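Work through these exercises with the structure open beside you. Try each task before you read its solution.

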Amino acid sequence: MEKNGMYALLEAIEARARANRARVAMGIRDPNHKTLESAWKAQELGYAQVVLVGSKKEIDKIGTGLEVIDTEDPEKVLSDLLVSRKVDAVIRGTAKASGTLSSLKKALGMKRICRLALLLTADGTPFFLAPVGIDEGNTISDKLRMITLGAEHIRRLGVEPAVGVLSGGRMGDIGRDRRVDRTLADGEFITGRALELGINTKHYTILIEDAVKESNFIIAPDGISGNLIFRTVAFLGGGDGLGAPVLMDDYVFVDTSRVGGHFTKAIMLASALSHLNKERKKVIH
């Protein structure tokens with residue numbers, strides 16, 4: 001598959017972030033120099049106006065030139081800031097995952113959320129990945145919803161989605177294990193249904209190395225395996241994770257992992273997505 005569109009997307013994301021300089025809130029727990037420096041770098045590079053949300057006392061011990069909103073409950077305050085439009089976008093930063101996502105769902109009246117991670121392999125190949133939450137994508141309907149929502153949002157970024165569906169083995173492995181058989185059957189069904197919906201989709205079985213070469217949107221068998229793929233690429237395989245935006249129309253929330261401490265690109269992505277939202281609303285109105 002031609003990847004030029006994806007590489008161009010990364011350049012467009014950076015350009016949109018610099019043009020927008022959105023006000024982006026970032027959750028902070030247990031601050032350290034690396035985390036605060038990555039936030040400062042995003043502001044210094046002109047990606048955003050960064051607002052740190054966490055204990056001012058703890059942040060001041062390290063020191064920062066960024067605006068700080070003092071709170072002992074960044075997980076809740078992040079959602080409050082987003083819903084009240086006091087910021088243009090939010091990234092989780094080092095706030096706790098369960099509390100932050102729970103507060104977000106409550107604030108927006110959402111029963112479920114769908115996240116789409118943007119990753120870079122060690123050689124710089126970009127691709128989208130879902131599901132990435134350990135409790136996401138456990139049913140066929142969940143994965144089809146992720147494919148349709150993800151494809152829609154990828155198209156908004158100016159890229160035509162090419163979906164690669166993964167499962168637990170090769171087709172020749174049928175009969176070795178019931179669970180593997182189930183994932184293969186699901187992969188075939190999901191691929192067929194997505195094609196019926198007009199989405200370019202192929203079932204790559206367990207061959208993720210082929211899927212990444214030919215697709216720009218990878219669907220893992222479930223949220224646990226998706227989370228493991230994310231962590232392997234970003235933290236062990238020499239790649240990088242730009243963040244995982246929650247797929248919604250009116251707000252921008254980019255989920256991040258607390259591991260690693262690099263948040264510059266996640267802030268850049270949040271600012272760029274905020275810019276896209278503003279442009280889309282202008283067209284609608």
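## Exercise 1: A charged pair across the chain

At 33% relative accessibility, D249 counts as partly exposed. Keep in mind that this is a predicted model.

**Task.** Find the residue whose side chain meets D249 in a salt bridge, and say where both partners lie.

**Solution.**
- Step 1. Start with the class of D249. Buried means under 20% and exposed means over 50%. D249 has 33%, so it is partly exposed.
- Step 2. Look for the partner. The side chain of D249 meets that of R156 in a salt bridge, at 2.8 Å from N to O.
- Step 3. Place the two residues. D249 sits in the loop between strand 10 and strand 11, while R156 belongs to helix 6. They are 93 residues apart, and the pair links distant parts of the chain.
- Step 4. Check R156. Its relative accessibility is 27%, so R156 counts as partly exposed too.

Side chains of opposite charge can pair when their charged atoms come close.

## Exercise 2: Other salt bridges

**Task.** Which residue of helix 6 meets R156 in a salt bridge, and how many residues apart are the two?

**Solution.**
- Step 1. The side chains of E152 and R156 meet at 2.6 Å, N to O.
- Step 2. Both lie in helix 6, which covers residues 140-156. They are 4 residues apart, about one turn of the helix.
- Step 3. E152 has 36% relative accessibility, so it counts as partly exposed.
- Step 4. Now turn to R155. Its side chain forms a salt bridge with that of E160, at 3.2 Å from N to O. R155 counts as partly exposed at 36%.
- Step 5. Widen the view. The structure holds 18 salt bridges.

## Exercise 3: Reading the sheet

**Task.** In what order do the strands of the sheet lie, and which strands stand at the edges?

**Solution.**
- Step 1. Trace the sheet from one side to the other. It is open, and its 11 strands follow the order 3-2-1-4-11-10-5-6-9-7-8. The pairing is mixed.
- Step 2. Go to the ends of that order. Strand 3 (67-70) and strand 8 (201-203) are the edges. Each has a single partner strand, so one side of each has no neighbour in the sheet.
- Step 3. Add the twist. On average, neighbouring strands are turned by 25 degrees against each other, direction ignored.
- Step 4. Take strand 10, residues 240-245. With strand 11 (residues 253-255) it pairs in the antiparallel sense over 2 bridges. Here P245 has V254 as its bridge partner.
- Step 5. Strand 10 also pairs with strand 5 (residues 117-120), again antiparallel, over 3 bridges. L118 has G243 as its bridge partner.
- Step 6. Find the helix over strand 8. Helix 7 (residues 178-196) lies across strand 7 (163-165) and strand 8. It runs at about 165 degrees to strand 8.

## Exercise 4: Buried or exposed?

**Task.** Decide whether F217, G169 and T264 are buried or exposed. Then list what each touches, leaving out residues up to four places away in sequence.

**Solution.**
- Step 1. F217 lies in strand 9, residues 217-219. Its relative accessibility is 0%, so F217 is buried.
- Step 2. Among the residues F217 touches are L116, F128, M146, I154 and V163.
- Step 3. G169 lies in the loop between strand 7 and helix 7. At 2% it counts as buried. G169 is in contact with V180, L184, T205 and I206.
- Step 4. Compare chain and space for G169. Y204 is 35 residues away along the chain, and the C-alpha atoms are separated by 9.4 Å.
- Step 5. T264 is found in helix 10, residues 264-284. Its relative accessible area is 13%, under the 20% limit, so T264 is buried.
- Step 6. T264 touches S38, K41, A42, L45 and Y47.

## Exercise 5: A surface patch

**Task.** Which residues form a nonpolar patch with I134 on the surface?

**Solution.**
- Step 1. The patch joins I134 with I224 and L228. Together they have about 310 Å² of accessible area.
- Step 2. Place L228. It lies in helix 9, residues 223-236.

Note on methods. Residues are numbered from 1 along each chain as its sequence is written. This is a predicted model: local features need pLDDT of at least 70, side-chain atom pairs count only at pLDDT 80 or more; totals for chains, interfaces and linings use all residues. Side-chain values use heavy atoms; hydrogens and water are left out. Two strands pair if DSSP finds at least two bridges between them. Axes are lines fitted to C-alpha atoms, for helices over the stretch in contact, and angles run from 0 to 180 degrees between N-to-C directions. Contact means heavy atoms within 4.5 Å. Patches are made of residues with over 30% relative accessible area and no salt bridge: like charges are joined within 9 Å, nonpolar side chains (Val, Leu, Ile, Met, Phe, Trp, Tyr) within 5 Å. Accessible areas come from the Shrake-Rupley method with a 1.4 Å probe; for residues, only the protein chains shown count as cover. A salt bridge is a side-chain nitrogen of Lys or Arg within 4 Å of a carboxyl oxygen of Asp or Glu. Buried means under 20% relative accessible area, exposed over 50%, partly exposed in between (1.4 Å probe, protein chains only).
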